[in-house]
Amino acid sequence: MSEVYKMKIAGLERELPICAVNDKLDIAAFVIFGDVEITVASATELLKKCPEFDYIVTPEAKGIPLAYEMARQSGKKYFIIRKGAKLYMKEPVSVNVNSITTAAVQTAYLDSAEGEQMRGKRVLVLDDVISTGESLKAALTLLEKFDVNVVGMAAILAEGDAADRDDIIYLEKLPLFFK
């Protein structure tokens, strides 16, 4: 049986599997996919803490269920920053990103048409977990190209040093496990 980290998130108890990132670091893996109960509860609690916004933006992929649920509860539209350019994107803008949970540098894309919809609007940037902040940085870089007013950056969990940041909104701290 593998090790787990037990925690309470939005009033719900969960056991997160401990996974090795490298020889010196393990993380507790929070996987929102398929966990409707935690998605709904987390969205409800985050909406209570977030400022007013016009749109939600999330990096692909694990933030999508949260963005959907927060959009559903708030009645606001959401957009996804994609990991690859899609055929429907007429003029995608892109930026490179290096995340703790991904081995290689990735490129993040936003459709220019979506960026134009958000121009000058209040945008809330969401993710499931904020750790190094690289995914957020990529999102902010893309959104800057459209003069978007980012009113908040939020996640269900803040991992490691991210929990010490005063510029993000989150529900719970998630420790890193150093070997």
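This is a short walk through one structure, starting with a sheet, moving to two helices, and ending with two single residues. Keep in mind that the model is predicted.

Let's start with the sheet. It is open and has five strands. Their order is 5-4-8-9-10, and the pairing is parallel. Which strands sit at the edges? Strand 5, residues 77-81, and strand 10, residues 169-174, are the edge strands. Each of these pairs on one side only. Neighbouring strands of this sheet are turned against each other by 25° on average, direction ignored.

Now look at the strand 10 end. Strand 9 covers residues 149-159. Strand 9 and strand 10 pair in the parallel sense over five bridges. If you want a place to find on screen, take A155: its bridge partner in strand 10 is Y170.

Next, the helices. Helix 4 is residues 134-144. What does helix 4 lie across? It lies across strand 4, strand 5, strand 8 and strand 9. Strand 4 is 55-59, and strand 8 is 122-130. Against strand 8, helix 4 runs at about 160°.

Helix 2 spans residues 64-74. Which of its residues are buried? L66, A67, E69, M70 and A71 are. Look at the spacing there. An α-helix has 3.6 residues a turn, so residues three or four places apart point the same way. The buried residues of helix 2 pack against four strands: strand 4, strand 5, strand 8 and strand 9. They also pack against helix 1, residues 36-49. Right after helix 2 comes G75. The phi of G75 is positive, near 75°.

Two single residues to finish. First, K83. Find it in the loop between strand 5 and strand 6, the latter being residues 92-97. K83 counts as partly exposed because its relative accessible area is 42%, between the 20% and 50% cut-offs. What does K83 touch, leaving out residues up to four places away in sequence? The list is E60, A61, Q106, T107 and Y109. N96 is 13 residues from K83 along the chain, and their C-alpha atoms are separated by 9.8 Å.

Second, S112. This residue lies in helix 3, residues 112-118. Is S112 buried or exposed? S112 has a relative accessible area of 13%, which is under 20%, so S112 is buried. Its contacts, leaving aside neighbours within four places in sequence, are E91, P92, V93 and F146.

That is the tour. Over to you for questions.

Definitions and conventions: Residues numbered from 1 in each chain as written. Predicted model: local features only at pLDDT ≥ 70, side-chain atom pairs only at ≥ 80, totals over all residues. Heavy atoms only, no water. Pairing = 2+ DSSP bridges. Helix = DSSP H or I, 4+ residues; strand = E, 2+ residues; numbered from the N terminus. Axes fitted to C-alpha atoms, helices over the stretch in contact; angles between N-to-C directions. Contact = heavy atoms within 4.5 Å. Buried < 20%, exposed > 50% of the residue type's maximum accessible area, 1.4 Å probe, protein only.
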